[in-house]
Amino acid sequence: MEATKKGIKRKSTILSYYTKTPKVQTDNLGENDKLNETEVVVSLAESALTPFNHNSQSMSEQHNENNKLIEPSASALQTVITPTQIDIGLFIGQFEQPTSQVNSSHRYNILKNTFNPDTTFKFPGSGKRNLKFQINWLSRWKWLAYSVSCDGAFCKYCMLFCPKEVNTQKLGQLVFEKFSNWHCAVEKFNAHQKTNYHITATLKAHEFLSVFENKQESIAVKLDSKLKLEIEKNRKMIRPIIETILLCGRQGIALRGHTDSGPIDLSSLFLSNNEGNFRVILKYVLMNSKDELKNCFENLPKNATYISPDIQNEIINVINSLVIKKLVTKINQAKCFTILADETTDVAGIEQFSMCVRYFDKDTNKIREDFLQFVPVTDMSGKGLAQVLLECLGNLGINLNYLRGQGYDGASAMRGLFNGVQAIIKQSYPLALYIHCCSHSLNLAISDACDVKSIRNAVGIIQTVCSFFNTPKRQAVLQNSVEQIAPDSKKTKLKMLCPTRWVERHEAILVFLELFDSIIDSLETISTWIDRETSSKANSILFSLKQGETLLSIHILAKVFSLSMPLSRQLQKEDIDLSISMELADNVMSAVCLLRTNAAEEFKIIYSDVEKKCESLGIIISIPRLAINRTNRLNISTESPEDYFRILIFIPFLDNFCEQLNDRFLNHKSLLKQFTCLINANEKNETEFKELLKTYSADIDADEVSAIGEFTIWHHQVKNKNPKNATEAFINCNEEIFPTVHQLLKILITLPVTTASSERSFSSLRRLKTYLRNTTGCKRKRQEPTIFKDFDVTATTSAEHYSIDETNETIEGYFKKNAFFPVFDAILVNLEKRFSPESLEMATAVDQFCQLNFEESVFFVDHYKDLMCVSKDLLKSEN
């Protein structure tokens, strides 16, 4: 054992500088306990860098008397222990060694996260009388802990802080051996808590918790005033470093610069070389702080400045661990969550899997959708993505037994009934219902409704116009037209029909219609330009826009999109629940159906507006030329253009839109119908409530009779208060009075609505992983792309690949090897001025050089003389 201890190498981390303490004799605290005197970020850093997990190998191994490792059986730990709880029976004998050899954070985790069974846990019986451990013993004796793996009781204070022997007698039951004689348990527990070693261990435990939670100072600090001053000094020094990193991270600012190494020079804020945002901001803070802090940084040893890139990355990892730990704690406390996931490709071509969670936050009484992390994936099949998702959630410490929903887009790999991600996850977690993203469903409904030929052509023309004006010169013409024709308009630029941001697609149509007169004026101006390509394209677009059918289609689109835009905006909110989204979808469907019912009156209004617009532009709305046998158009027999276009465009578009809305949201409505009995005051459906009880029996503790009685009382309360949606009903539901209804409502409001949070994370990914950052190595080396200016050649040439027989080398081959090939590749890459006078002169000189006429190629030779292994005089002599 001694040899093993001497062989242990101390790990050097950022915390090593702040944990150096003098040798002070103490019975309670070890050297690692001095970490408790630093900031919260620093104190938790060690546990983040060396994770504590009862499932890990280091904590699951047990020691026997011969110091052999014993693996606990997997069957001993079933699903009764959550990832955040610890079975104390897995650590028998690990604390016999001196306290200084055991990490303090491990002791703290065991004290705070010891397995605490709930009232539904079934303890195994033993003996003829089938005696069991009683759960009320845990509240009667606070020091008592039950081990599932050992089926025995332990004193957690004595197990962690007692010596190996007392009066040369080794301690046994409740300390280093399990106690399972339940017949005399009460007498044993009362006798144990009166022993001196238990009282001493209890005092040590309470003092340890006070020191670790910064409620009081450690003994070493109390005995050494110099150590206390050193700790305070170290805290002041590490604080600005951490705050600067937090500032850069919060604002999305890159930390590194051209020279981000070495000590900080506080004589000047800006130096000749760019030091990067982190160092400049830190310098600004130090230069405007007190002289004491400034002097401390100036006098730091060069090997202990704690501002190096490695330390920055270490602090960032610690902060990430703290954020994830806080999120995981909230998710597990909610005991109900759903997963939102989507994938995208970053600038490096790597497929990134974005994972978010939706849960109810008790602290804020709101539904939250929090981003967890990006995970690179290579296997894009449903099985591969499902495996990555489950592994990541498990590694973060999230209890997957609380998974109640899945929200993805409509890709086959995600929604496949047999091999999709949702199907594979439901095999392991049947209660994790899959819900197709409502925003994607609305987008698909609109896209399919636009299959009407005239509407589809109008959308294509709008996209062409937006792309045409997406240049600075043409955009300037459009802005001038807007200032002259519509000076009161707040819109001066067209919006593209974005394929993913659905709100912008609706707004793009409305903005286009608002700026229509300015667009026509701009196209007329551009069509007179000398540039043939631009003017001809502007003229063709202008001809397409000046069609009565196109104008009618655009106005119909604007009319329908004005109804669906509120729904699209509301679906982007995090706190929207499934009941609100379906109510809004029904309202949109009703409004569209009402348009269809009053199609004649509504289209007459649209037609009159378009007719006025056409008169101002000199356009005549007319029926297109008709043929006897038409295959691509409807056979509409009418002489009125209004009736013709109403039957051709308006009615089919409304019919398609209503049908698509109904089909796309049909599954959402069927799922919501199961929970309607909880929020509908007009209908009391006990059959549906019983189906909910049967489905979510794992989440409900009450029996069916009690739950139905609770539901009856809740229905009367719903009639009196009449909640508007599921979220309001859940907030007004008292958990103590209606525990069953409260749990079912929590599941309802937690079910996913959209994957907008995952889509928003893609925007953050584009800001974080830019081209420049992607070309930066993991060790923060500067690897910017080479920039060519004029003919300054920095590229590697292919001269080294040219091989000739040196034993029989001719003069021509010699000059080709040493003069021609070193610059041949550079000519192809760097001739950026090929149409300038200099480039023409260079081209002539290169041509003469290829003919070995060195006198006429002086311009070329002078410019590339540094690359040639032959002198200029030698070239002239050879000529």
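Start by selecting Glu243 and Arg239: their side chains form a salt bridge, with the closest N and O atoms 3.6 Å apart. Keep in mind as you look around that this is a predicted model. Now colour helix α11, residues 225-251; the two partners sit four residues apart in it, so about one helical turn separates them. Switch on the surface and check each one. Glu243 is partly exposed, with a relative accessible area of 43%, and Arg239 is partly exposed too, at 37%.

**Zoom out for a moment**

Show the whole chain as a cartoon. You'll be looking at 38 helices and eleven strands. The chain has 879 residues, and 46% of them are buried. Here's something about how the chain folds back on itself: take the contacts between residues at least 6 apart in sequence, and 66% of those join residues at least 24 apart.

**More salt bridges**

How many salt bridges does the count come to? The answer is 15, and you can visit a few more of them.

Select Asp655 and Arg596 next. Their side chains meet in a salt bridge, at 2.7 Å from N to O. Colour helix α27 (residues 641-664) and helix α25 (residues 578-597) in two shades: Asp655 lies in α27 and Arg596 in α25, so this pair ties together parts that are 59 residues apart in sequence. On the surface, Asp655 is partly exposed at 33%, and Arg596 is also partly exposed, at 31%.

Stay on α27 and pick Asp643 and Arg646. These two form a salt bridge as well, and their closest N and O atoms are 2.8 Å apart. They are three residues apart in helix α27, which puts about one helical turn between them. Is Arg646 buried or exposed? Arg646 counts as buried because its relative accessibility is 15%, and the cut-off for buried is under 20%. Its partner Asp643 has a relative accessible area of 26%, so Asp643 is partly exposed.

For one last stop on this theme, select Glu275, Arg279 and Lys283 together. Here you have three side chains linked in a network of salt bridges.

**Two helices that cross**

Hide the side chains and show helix α19 (residues 453-468) with helix α24 (residues 548-570). A pair of packed helices is described by the angle between their axes and the distance between those axes. For α19 and α24, the angle is about 90 degrees and the axes are 9 Å apart. That makes α19 roughly perpendicular to α24. Try turning the view until you look straight down one of them.

Now bring the side chains back where the helices touch. From α19, select Ser454, Ile455, Ala458, Val459, Ile461 and Ile462; they meet Glu549, Thr550, Ser553, Ile554, Ile556 and Leu557 of α24. Colour this contact by residue type and you get eight nonpolar residues, three polar and one charged.

**Along the sheet**

Time for some strands. Strands of a sheet pair through backbone hydrogen bonds, either parallel or antiparallel. Find the open sheet of five strands and trace it in the order β9-β8-β7-β10-β11; the pairing is mixed. Which strands are at the edges? They are β9 (366-377) and β11 (433-436), each of which pairs on one side only. Tilt the sheet and follow its twist, which averages 25 degrees from one strand to the next.

Then zoom in on β7 and β10 (residues 403-408). The two run parallel, and four bridges join them. To see a pair of facing residues, select Ile339, which stands opposite Gln406 in β10.

**Two unusual backbone angles**

Most residues other than glycine have a negative phi. The last two stops go the other way. Select Lys335, in the loop between α14 (309-334) and β7 (337-345). Lys335 isn't a glycine, yet its phi is positive, at about 60 degrees. With 47% relative accessibility, Lys335 counts as partly exposed.

Finish at Asn130, which you'll find in the loop between α5 (104-112) and α6 (136-140). Asn130 has a positive phi of about 55 degrees, again without being a glycine. How exposed is Asn130, and what is its relative accessibility? At 44%, Asn130 counts as partly exposed.

Notes. Residues are numbered from 1 along each chain as its sequence is written. This is a predicted model: local features need pLDDT of at least 70, side-chain atom pairs count only at pLDDT 80 or more; totals for chains, interfaces and linings use all residues. Side-chain values use heavy atoms; hydrogens and water are left out. Buried means under 20% relative accessible area, exposed over 50%, partly exposed in between (1.4 Å probe, protein chains only). Two strands pair if DSSP finds at least two bridges between them. Axes are lines fitted to C-alpha atoms, for helices over the stretch in contact, and angles run from 0 to 180 degrees between N-to-C directions. A salt bridge is a side-chain nitrogen of Lys or Arg within 4 Å of a carboxyl oxygen of Asp or Glu. Angles under 35 degrees count as roughly parallel, over 145 as roughly antiparallel, 65 to 115 as roughly perpendicular and the rest as oblique. Contact means heavy atoms within 4.5 Å. Ala, Val, Leu, Ile, Met, Phe, Trp, Tyr, Cys and Pro count as nonpolar, Asp, Glu, Lys and Arg as charged, and the others, Gly among them, as polar.
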